[in-house]
Amino acid sequence: MTLPLGIDFEFRKQIMDVHIGSDKIKYCYQCNRCTDNCPVASVANPFYHEVTNWFDPRLIVLGTLLGYKDIVMALAGSKSALIPWGCTVCDTCDAVCPQAIEVTEIIGLAKNITSGAGLAPDNIVAQAKTVFDTAKAIPSQPAIERRREQMGLPAVAAPNVNEVQTLLKNIGADKKL
Amino acid sequence: MTEYKMFEGCVIGNRIPFIEASSRKVLDKIGVQTSQAPFSCCPDPTGMKCFDNTAWLAMGAQNLCLAESEDKPIISLCNGCANTLRGVQYQLKHDSNKKEAINKELAKIGKEYKGSIDVRHFVDVLKENLSAIKSAVTKPMSNLKVACHPGCHYMRPVEWMESDDPLRPVNLKEIAAATGANVVDYDELALCCGNAVAGPFPDHGDAILKKKLDSVKKAGADVIVVNCPACFQRFDTSQRDLSKKFDGEYNIPVLYITELIALAMGISSEDIGIKNHRVRRGTAIENL
Ligand code: SF4
Ligand code: SF4
């Protein structure tokens, strides 16, 4: 794979700032335990051979640590790229990392950056939009409300949609939709 | 007696409420009290958090404020909700900059997050009441061989959840065993169901699900027991397509742990809507 390996210090700083106990990431010694235990890596490599289907948390950590944004965002110029969106957020990497690095948080930030650029997968954007419109990921529907009643369940208390929209607008999350 | 604020979550509350029916019946039987609150979406740790972490923190904190205003702990019926609410608490506790920023936003809607209440995953509450569960069992589930799948977000990240071993979880197995069911071990106990990757990348999701189900089959289990609505739906709704895709036979029924307990307590399968399960016919749960 040929990549334009430019170091992006701003990106590196962003990662360092977001990470709780931010200097921990420096202690990654590339042992590969994260990748060895990652369910997505186990089916993406070498199960799928094409470079576009490659997913490897160890390399993502290396890329962020060194500020090689292009490694982490290798495919992020395209919509719904496997890196970083292939991460299924199972947090297994965090559990096995001998250096207690929050790998999932790092990948999460990479996702946040690409969603800001309008490149998040459609299902992620659709869910965020539903949450913005209704304050629920799955809005209440008359058929389910009836079923709840038949089963003797209390009605789901209606959320304050106004409050949620105000919060999201002030944060600027609505602009990513 | 503690009264919890019930956080049923979007999936259980507004899509598969029969899970809530068994959960409420079991909580009633063991004397756990709950009440309602106008919670919004938690929001999803695999969705909104990946979309925008600040929005995730703010919405999570807004929900926590609702419980704080009544000074009552939250009980969550869902891995995702429990993970978000506990994760938000963790991040705001350990990062004062984040807490300050979020409280600035909350102030604009007249709220302040303090961090004064606890968020409990319902499995932890069940585990605490194991003897009450055991003594309410009237119909031991000894005919069932169950494989337990606690799901990622019940026990990981371990710093947030503080519930169980992150890779060798035991709590769900102990609770399932209390119903008299035979709990079988299988190699892929800690493996993800692949729900979050399956949305944008179905091939990757299916390959993971296949690995999981092959391991469950190899162990000879005839039911998968879960404690997360996302995992429940993934297992219950994907097996037919998986059978076609891989030319195999995947037809293993899924029970929510509260369904298993309710049945063992002698509650009828009709009362808890077992008929709503997709994988049922010709399986071990057909005539329960
Ligand atoms: S497990 Fe931790 S230390 Fe090892 S390569 Fe992955 S991030 Fe680095
Ligand atoms: S959280 Fe993401 S990167 Fe880490 S093991 Fe799970 S799928 Fe892999």
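**Close-up views of a predicted two-chain model**

**View 1. The surroundings of E20(B).** Discounting residues up to four places away in sequence, E20(B) makes contact (heavy atoms within 4.5 Å) with R148(A), L153(A), E8(B), I12(B), G13(B) and L77(B). This is a predicted model in which local features need pLDDT of at least 70 and side-chain atom pairs pLDDT 80 or more, while totals for chains, interfaces and linings use all residues. Residues are numbered from 1 along each chain as written, chains are lettered from A and ligands numbered from 1 in written order, and side-chain values use heavy atoms, without hydrogens and water. E20(B) sits in helix α2 (residues 18-29) of chain B; helices are DSSP runs of H or I, at least four residues, numbered from the N terminus. E20(B) is buried (under 20% relative accessible area, 1.4 Å probe, protein chains only), at 0%.

**View 2. The shell around ligand 1.** Here we meet 13 residues, of which C28(A), C31(A), N32(A), C34(A) and C97(A) come nearest; a residue is near if one of its heavy atoms lies within 4 Å. Helices α2 (33-37) and α4 (57-66) of chain A each give two or more residues.

**View 3. Helix α5 (residues 79-94) of chain B.** Because 14 of its 16 residues are buried, α5(B) is largely enclosed by the rest of the structure.

**View 4. The largest nonpolar core.** This set of buried Ala, Val, Leu, Ile, Met, Phe, Trp, Tyr and Cys residues, joined through side-chain atoms within 4.5 Å, has 84 residues, and F55(A), M48(B), L64(B), I74(B) and L106(B) have the most contacts inside it. Helix α4 (residues 53-68) of chain B gives the most, with 10 residues.

Methods
Buried < 20%, exposed > 50% of the residue type's maximum accessible area, 1.4 Å probe, protein only.
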